[in-house]
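Welcome, and thanks for taking a look at this one with us. Below is a short briefing, grouped by topic, to read alongside the structure.

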Amino acid sequence: MSAELLTWSDIEDRRWDTLLVGNGASINVSPGFGYGSLYESAESRFTASALALFDRLGTRNFEAVLAGLSLTRTLTDAVGEPVAWVDPIYDQVRDGLFDAVGEVHVPWSAVHPATLQSMATHLIRYKRVFTLNYDLLLYWAVQHDDVRGRLVDFMWSHEFTFDSTDTAVFSNKTALYHLHGGLHLWRDALTGTSGKWTAADVSLLEGVRGAYRATGSRQPLFVSEGDPEDKLRAIQRSDYLSFAYRDFLADEQPTVVFGAGLGSPDRHIVDALTAGPSRPIAISIYPTGGPDAPVAIVHTKTALMQALPGHELMFFDSTTHPLGQTLQTTSL
């Protein structure tokens with residue numbers, strides 16, 4: 001096993017129909033999307049019990065804490081002990097994640113237009129783009145004049161809602177799927193309808209944050225559970241998210257994975273990738289540098305090869321990819 005990584009130019013001319021985008025793409029635009037910054041934003045809202053969980057587990061990863069709480073609930077209930085104390089802490093951590101994502105989100109005015117243009121013009125080379133991210137970067141990118149109307153998100157029914165009977169995409173369009181929901185998406189708790197908030201670019205971020213705090217039947221369509229089984233249950237409760245996941249599960253085309261670690265919290269994503277027939281899958285790896293970098297790269301490659309057996313895996317340097325070069329054109 002070699003620590004060598006391909007460059008994107010080595011493989012970009014191959015046929016790539018599908019793109020899976022993870023949080024690494026967002027962190028590249030703004031480091032605030034990293035877990036450390038999210039925790040710093042949320043910790044002032046937490047009770048001593050919630051703070052102690054992060055400290056005891058030695059992590060600032062919300063998903064790890066949520067997964068631990070989910071397991072605690074299951075085990076405590078199995079031995080017949082009261083479990084009511086778990087739920088308030090679980091909800092507090094989950095709500096803290098949602099609020100923190102909104103607060104650390106880079107404002108639209110701070111993102112250089114060239115960044116959004118670069119993202120958008122790359123996305124339209126694919127037939128399908130699946131994203132794991134909650135943020136608004138891709139939403140803003142697809143509004144760029146150069147690609148407006150060429151990327152579609154299935155929210156084209158009455159008042160920007162989703163209709164499971166109307167999902168056909170024209171061959172000249174790129175389909176965009178939000179596998180874990182997003183800050184701009186909502187679900188009506190009374191009707192089950194999913195839709196999206198729309199506004200001028202400058203006001204959308206602040207507008208959706210306010211809307212999500214409002215009382216009423218529309219709730220944020222935002223999957224923040226830490227355990228992959230919990231994430232799947234949340235996905236299955238939504239007509240739109242379950243549709244998006246089914247399409248991802250059924251996808252059999254050559255795939256690029258950018259900025260997604262594919263670790264245990266996203267085992268349902270790995271399961272979907274492995275469910276299909278053998279195909280080329282190109283996965284980005286960020287070269288951290290330093291004397292331990294080769295060992296870390298080999299470790300990452302080995303773990304991914306074990307997680308995705310039977311596929312033709314290629315590993316490329318994320319900094320050579322268009323989505324890995326946007327930071328230099330961003331004004332922060």
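F160 lies in the loop between strand 3 and strand 4, and that loop is a good place to start. Please keep in mind that this is a predicted model. From the loop we move on to the aromatic residues, the strands around them, an open sheet and a few individual residues.

**The loop between strand 3 and strand 4**

- F160 has a positive phi of about 60°, although it is not a glycine.
- With a relative accessible area of 41%, F160 is partly exposed.
- E159 is found in the loop between strand 3 and strand 4 as well, and here too phi is positive, at about 55°, in a residue that is not a glycine.
- Is E159 buried or exposed? Its relative accessibility is 54%, so E159 counts as exposed.
- As background for these two bullets on phi, most residues other than glycine have a negative phi.

**Aromatic residues**

- The count of aromatic pairs comes to 12.
- F154 and Y177 make up a tilted pair, with 4.9 Å from centre to centre and 45° between the planes.
- This pair links distant parts of the chain: F154 belongs to the loop between strand 3 (151-152) and strand 4 (174-178), while Y177 sits in strand 4, and the two are 23 residues apart.
- F154 counts as buried because its relative accessibility is 1%, under the 20% cut-off.
- Y177 falls under that 20% cut-off too, at 4%, and therefore counts as buried.
- Which residues form one aromatic cluster? The members are F130, F154, W156, F162, Y177, Y240, F243 and F248.

**Charges over rings**

- R73 places its charged end over the ring of Y90, at 4.9 Å from the ring centre.
- R125 does so with the ring of Y126, where the charged end is 5.4 Å from the centre.

**Strands 1, 2 and 4**

- Strand 1 (residues 18-21) and strand 2 run parallel and are joined by four bridges.
- Within that pairing, L20 has F130 of strand 2 as its bridge partner.
- Strand 2 also pairs with strand 4 in the parallel sense, over four bridges.
- Here F130 has Y177 of strand 4 as its bridge partner; F130 and Y177 also both belong to the aromatic cluster.
- Strand 2 (residues 128-131) is covered on both faces: R128 and F130 are buried on one side, and V129 and T131 are buried on the other.
- In general, side chains in a regular strand alternate between the two faces of the sheet.

**V152 in strand 3**

- V152 is found in strand 3 and counts as buried at 15% relative accessibility.
- Leaving out residues up to four places away in sequence, V152 touches V169, K173, T174, A175 and L176.
- The C-alpha atoms of V152 and R128 are separated by 9.7 Å, with these positions 24 residues apart along the chain.

**The open sheet of strands 6, 5 and 7**

- Three strands form an open sheet in the order 6-5-7, with antiparallel pairing.
- Why is one side of strand 6 and of strand 7 left without a neighbour in the sheet? Strand 6 (194-196) and strand 7 (218-222) stand at the edges and each has a single partner strand, so one side of each stays without a neighbour.
- On average, neighbouring strands of this sheet are turned by 45° against each other, direction ignored.
- Strand 5 (residues 181-188) runs antiparallel to strand 6, and three bridges join them.
- Across this pairing, L185 stands opposite K196 in strand 6.
- Helix 6 (residues 86-104) lies across strand 5 and strand 7, and runs at about 85° to strand 7.

**V83, ahead of helix 6**

- V83 lies in the loop between helix 5 (62-78) and helix 6.
- Not counting residues up to four places away in sequence, V83 touches R73, T76 and D77.
- V83 and T121 are 38 residues apart in sequence, and their C-alpha atoms are 50 Å apart in space.

**S284 in strand 9**

- S284 has its place in strand 9 (residues 280-285).
- S284 is buried, with a relative accessible area of 11%.
- The S284 side chain reaches the backbone nitrogen of G259 at 3.0 Å.
- Beyond residues up to four places away in sequence, S284 touches V257, F258, G259, F316 and S318.

Technical notes:
Residues numbered from 1 in each chain as written. Predicted model: local features only at pLDDT ≥ 70, side-chain atom pairs only at ≥ 80, totals over all residues. Heavy atoms only, no water. Buried < 20%, exposed > 50% of the residue type's maximum accessible area, 1.4 Å probe, protein only. Polar contact = N/O pair within 3.5 Å; in protein donor to acceptor, adjacent residues only side chain to side chain. Contact = heavy atoms within 4.5 Å. Pairing = 2+ DSSP bridges. Axes fitted to C-alpha atoms, helices over the stretch in contact; angles between N-to-C directions. Phe/Tyr/Trp six-rings, centres within 6.5 Å; stacked < 30°, edge-to-face > 60°. Lys NZ or Arg CZ within 6 Å of the ring centre and 35° of its normal.
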